Amino acid sequence: MLRSLPLLLLGSLLTAQDPTPPAPPAAPVAPAAPAAQQAPKPTPPAAMATIEAKELLAHATWLAADDRGGRLTGSPGQQEAAEYIAKHFAALGLEPLGEEVDGKRTFFQYYGIARTHVAATSRLKVGALDLADGFAVLGGKPIEVKLEGKLTFCGLGRVKGAASDLAADQSLAGQIAVVAVKGPRGEVAKDLSVEQKFGMCFPVFGQLGRTAKGLAGKGAAAVVFVLVDDAIGMSDVLNYLAVAPGKDVLAPRFEGADAGMSGMAAMLGGGGDGPPSLVLSVPTSAKVLAELAIDADALRKFLKGDGERPTAKADVGGGLNLTITHEADAKASNVCAVLRGSDPKLAAEAIVYSAHMDHVGRRFDGEVFNGADDNASGSAGLLAIASAWAKSKEKPKRSIVFLSVSGEELGLWGSAYYANNPTWPADQIVANINTDMIGRSGPESGPMEVTVTPSHGHKMFSTIVRDSAVFAEQLGCTFTSGDKYYTRSDHYNFAQKGIPVVFFCNGEHEDYHQVTDHADKLDGAKMERIARLSFWTGWSVANADERPRKLGRQPAWR
């Protein structure tokens, strides 16, 4: 699901995009009417029963494996996911609905991105250490640096006042300054949310920038920041804001795209006219401290104000070979297929099922953001739903489009590109059903609950959601409001085109955008229920005589 962390740092950007005022708490699905008044229960489509937890978990586990590297948009892992999804569609006999290549339709649709990345030849050398990874570069600007010099431990890097870590006349000319990162004062709570990590890290990043500038004034050729511990989650936050080996900084390169996270890396400074500034991961920092003969426990005490600054081994040589390049014509991919409708008139209209395949990549300490719930679970739902449609003996009246997009985590890029460059006529898309994070329970939805937007309290509430609430009741589910996510996943780009949408998810939980979002935590039974609900909802729309219609705010779900 599209990151929520900019909400804290950049104001209510996403909320501002949606003029709908906050809705009142959504009521649960209304209880059934007395038997005398109760309408006949709708009959579930037979093909719905073919959607099973076993298939869902198999797809999600493959997509969320370490081998995919976190599926960062445009990365080899994201392309592997796209090829996996395309092969599944092909095996089902679905028709490709992507771009044409040499006059032949493919499953893939490509859009432009710009890519800033660290060259594979880049190295940080500290004594006997030759480090090809384990560091992030602040600023992320194109740069080419080759230098050799002595490493000098500068404590906290203070250059002024009585607490200065350097003598007034001390020069760092040609040297690599090594500085310890000091976090906020006091105890830090465990299990910080992504938003809390950003809130605590940004003041620290500001201090790092000022420190690097001060050391540059002393002549430092480069600045290396070491993390003894990482209680505030700098490693996680830098994944979004800094370029690192194997972790690119991306920007959209097509008209109408939301820059999303791509503009934030420059806020950290570094690169450009100043000295290159690197932050080392905790494991890499431990290696460097050992090479400099700095006692890690003594350094921890110093950072807490409980001891003297530890000394470091003198005359340790090192070097930095760093190349950061900018590729302006890179690409990322969506995958699109269609099952043609059976009705001579209604087949020209289509329902689009969507889910995003991407996640946020690999942390610079080597840990992978597997994104099992976000959104291997929703992608697995899309694949299982496609299986059910393809294998159904009864074919839909309207056509069914299956759309797997990338770039969601960076600013809804893939769905934005598709909405503006649809491979099915936009005026003939009658609905979008989007699944994102459907494999867990948490604060916003229990095992038998589904978080849904637009809710009955939203101005864009439609017959799709109203009817889906009836189907949910038969599946033993109730709805909770997910209106805070109305602008935060791929359905929003369809909604902006006036297309009725419904978004099924489970809301955020403790593993949201954490490296702990693993496939073994997925609830296959919940995935099965939501995928079946999505299928049934689309079945109803596909076979209805009329298109879905907007209802506006209502007192209840149905």
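Two strands are said to pair if DSSP finds at least two bridges between them. I begin with that definition because the first part of this presentation concerns such bridges. Please keep in mind throughout that the structure before you is a predicted model.

Let us start with strand 15, which spans residues 399-405. Strand 14, covering residues 350-356, is joined to strand 15 by seven bridges, and the two run parallel. Which residue of strand 15 is the bridge partner of Ser354? The partner is Leu403. On the other hand, strand 13, residues 316-339, runs antiparallel to strand 15, and five bridges join them. Here Leu403 appears again, since Cys336 stands opposite Leu403.

Strand 14 has a further partner. With strand 16, residues 429-435, strand 14 pairs in the parallel sense over five bridges. In that pairing, Ser354 stands opposite Asn434. Ser354 therefore has a bridge partner in strand 15, namely Leu403, and Asn434 opposite in strand 16, a reading that rests on strands being paired through bridges.

How are strand 14 and strand 15 connected along the chain? Together with helix 9, residues 372-391, they make a right-handed β-α-β unit.

I turn now to burial. In a regular strand the side chains alternate between the two faces of the sheet. In strand 15, Ser399, Val401, Leu403 and Val405 point one way, while Ile400, Phe402 and Ser404 point the other way. Are these residues buried or exposed? They are all buried. Because seven of the seven residues of strand 15 are buried, this strand is largely enclosed by the rest of the structure.

Strand 14 gives a similar account. Ala350, Val352, Ser354 and His356 lie on one side, with Ile351, Tyr353 and Ala355 on the other, and all are buried. Seven of the seven residues of strand 14 are buried, so strand 14 is also largely enclosed by the rest of the structure.

Let us look more closely at Cys336, which lies in strand 13. Its relative accessibility is 1%, and residues under 20% count as buried, so Cys336 is buried. Among the residues that Cys336 touches are Glu95, Pro96, Phe107, Val401, Phe402, Leu403 and Tyr418. Pro396, by comparison, is 60 residues from Cys336 in sequence and 18 Å away in space, C-alpha to C-alpha. Another cysteine, Cys201, is buried with a relative accessible area of 0%. How many disulfides are there? The count comes to zero.

My last topic is the aromatic residues. A search of the whole structure finds 20 aromatic pairs. Consider Phe461 and Trp557: their ring centres are 6.5 Å apart and their planes stand at 70°, so the pair is edge-to-face. Phe461 lies in the loop between strand 17 and helix 12, and Trp557 in the segment after helix 14, so this pair ties together parts that are 96 residues apart in sequence. Both rings belong to buried residues, with Phe461 at 1% relative accessibility and Trp557 at 0%.

There is also an aromatic cluster, formed by Phe89, Phe107, Tyr353 and Phe402. Two of these names have appeared before in the strands: Tyr353 in strand 14 and Phe402 in strand 15. Finally, Arg68 lies over the face of Trp62, at 3.8 Å from the ring centre.

Thank you for your attention.

Key. Residues numbered from 1 in each chain as written. Predicted model: local features only at pLDDT ≥ 70, side-chain atom pairs only at ≥ 80, totals over all residues. Heavy atoms only, no water. Buried < 20%, exposed > 50% of the residue type's maximum accessible area, 1.4 Å probe, protein only. Helix = DSSP H or I, 4+ residues; strand = E, 2+ residues; numbered from the N terminus. Right-handed = clockwise from strand over helix to strand, strands pointing away. Disulfide = S-S within 2.5 Å. Phe/Tyr/Trp six-rings, centres within 6.5 Å; stacked < 30°, edge-to-face > 60°. Lys NZ or Arg CZ within 6 Å of the ring centre and 35° of its normal. Contact = heavy atoms within 4.5 Å. Lists of a residue's contacts leave out its neighbours within four places in sequence.
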